[in-house]
Amino acid sequence: MDWRDLGFYARARLSRGVARFINGAASPPKPAAPLDEVLRGARTPLALTGLLEGRSNADREAAVATWLRARGVPFTRERFETFEGRGENFCVDVGRGDRALVLIAHHDAVPGSPGANDNAASVAILLSLLERWATREPLGRVRLLFPACEELGYLGTRAWVRAHGVRDVAGVLSLELPGVGDSVAVWDAAAPTPFLSRVCGALEGSGLRADESYHVVGRIPVFGSDHRAFAAAGVPAYGLTSVPAAEADALRAFVFHPVRATLRSAVRRPPPFDTYHTARDRGATLDATALSRVTRALEAVVAAVG
């Protein structure tokens with residue numbers, strides 16, 4: 001334990017307290033979709049969000065393991081416990097190569113939120129990629145990491161990095177809020193790296209255009225995600241999100257001026273933050289086209305890095 005861990009602990013508890021306060025007066029969420037129905041249903045990203053949406057964090061965790069077992073996907077599972085919290089990480093390695101591209105989608109949500117866009121949609125995208133790779137592996141080595149406790153200062157990923165290191169990691173993308181908007185954002189990209197260049201080249205190769213249908217954004221002051229655990233260990237690592245291009249200016253103001261944004265957020269938060277950490281984060285707010293766009297973008301990145 002060090003002062004950094006204490007800082008994560010304090011910030012995570014504050015964030016969870018705010019979420020409980022905001023969501024405490026919300027109407028009860030509708031029941032989660034029966035797990036058997038999701039397992040038998042369509043395998044699109046939109047349909048697969050039902051695997052996690054509206055479930056407790058313990059049930060979300062169990063649902064990921066259930067899906068992987070049902071599909072016959074080999075995976076490792078590692079439990080962790082610290083003074084900050086506890087949970088279970090799941091990892092799937094596909095393809096071959098000395099170094100891996102790591103794609104991350106945390107499976108937990110904040111109290112009182114159904115957690116559809118944050119972050120059931122991200123898990124669904126990675127599971128849909130596994131469906132596609134069942135008959136044809138990606139060209140290179142890809143590691144899909146489904147950590148617990150991202151909402152506790154990305155505790156699960158910090159535990160993973162401490163246990164495994166980063167020697168075999170080529171680069172990292174963590175998925176957050178991928179289900180709304182018409183533009184992809186790569187964020188926490190404060191300095192150019194060869195990995196970032198390959199990611200941007202892949203996005204352009206998939207038909208996206210710089211500063212139009214995809215954006216590269218520098219370090220964001222407050223909003224973090226699992227990739228930061230890898231970045232702290234010296235690996236090029238970025239967040240990947242889908243946003244509405246029409247809200248670009250409002251989003252920049254929101255994420256780069258967090259104190260001012262917090263004061264204004266009671267009036268209006270730009271999407272996708274209008275449902276972020278709230279009881280309104282439901283599957284009905286997700287856009288299948290946005291989910292497909294992010295899925296195609298990831299496929300292009302996997303091909304480029306591989």
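This is a short talk on the helix packing, one buried strand residue and a few unusual backbone spots in a predicted model.

Okay, let's start with the overall picture. The protein chain has 11 helices and eight strands. It runs to 306 residues, and 54% of them count as buried. If you take contacts between residues at least 6 apart in sequence, 78% of those join residues at least 24 apart.

Now for the helix pairs. Up first are H4, residues 57-70, and H5, residues 116-133: their axes come within 12 Å and cross at roughly 10°. Anything under 35 degrees counts as roughly parallel, so H4 and H5 are roughly parallel. Who makes the contact? On the H4 side you have Arg60, Val64, Trp67 and Leu68, and on the H5 side Asp118, Asn119, Ala120, Val123, Leu127, Leu130 and Glu131. Sorted by class, that H4 and H5 contact comes to seven nonpolar, one polar and three charged residues.

While we're on H5, have a look at the backbone there. The peptide bond from Asp118 to Asn119 is cis, with omega near 20°. Asn119 sits in helix H5, and both Asp118 and Asn119 are on the list of residues that meet H4.

The other pair is H7, residues 194-205, with H11, residues 288-305. Here the axes are 8 Å apart and the packing angle is about 130°, which makes the two helices oblique to each other. The crossing of H7 past H11 is right-handed. From H7, the contact uses Phe195, Arg198, Val199, Ala202 and Leu203; from H11, it uses Ala297, Ala300, Val301, Ala304 and Val305. By class, that gives nine nonpolar residues, no polar ones and one charged.

Keep Phe195 in mind, because it turns up again as a neighbor of Val172. Val172 is in strand S5, residues 169-175. So is Val172 buried or exposed? Its relative accessibility is 0%, so it counts as buried. Leaving out residues up to four places away in sequence, Val172 touches Val102, Ile104, Phe195, His227, Phe230, Val235, Pro236, Ala237 and Tyr238. Take Ile104 from that list: it is 68 residues from Val172 along the chain, yet the C-alpha atoms are separated by 7.7 Å.

One more helix, H9, residues 248-256. Which of its residues are buried? Ala248, Leu251, Phe254 and Val255. They span an arc of only 125° around the axis, so they lie on the same side of H9. As a reminder, an α-helix has 3.6 residues a turn, so residues three or four places apart point the same way.

Last bit: the loops. Between H10, residues 258-264, and H11 there is a loop that holds Pro272, and the peptide bond joining Pro271 and Pro272 is cis, with omega about 10°. His277 is in the loop between H10 and H11 as well. His277 isn't a glycine, but its phi is positive, about 60°. With a relative accessible area of 12%, against a cut-off of under 20%, His277 is buried.

Tyr154 also has a positive phi without being a glycine, in this case near 40°. You'll find Tyr154 in the loop between strand S4, residues 141-146, and helix H6, residues 155-164. Tyr154 is buried too, at a relative accessible area of 5%.

That's the tour, thanks.

How values were computed. Residues numbered from 1 in each chain as written. Predicted model: local features only at pLDDT ≥ 70, side-chain atom pairs only at ≥ 80, totals over all residues. Heavy atoms only, no water. Axes fitted to C-alpha atoms, helices over the stretch in contact; angles between N-to-C directions. Helix = DSSP H or I, 4+ residues; strand = E, 2+ residues; numbered from the N terminus. Parallel < 35°, antiparallel > 145°, perpendicular 65-115°, else oblique. Left-handed = near helix turned anticlockwise from the far one by under 90°. Contact = heavy atoms within 4.5 Å. Nonpolar A, V, L, I, M, F, W, Y, C, P; charged D, E, K, R; others polar. Buried < 20%, exposed > 50% of the residue type's maximum accessible area, 1.4 Å probe, protein only. Arc of directions from axis to C-beta.
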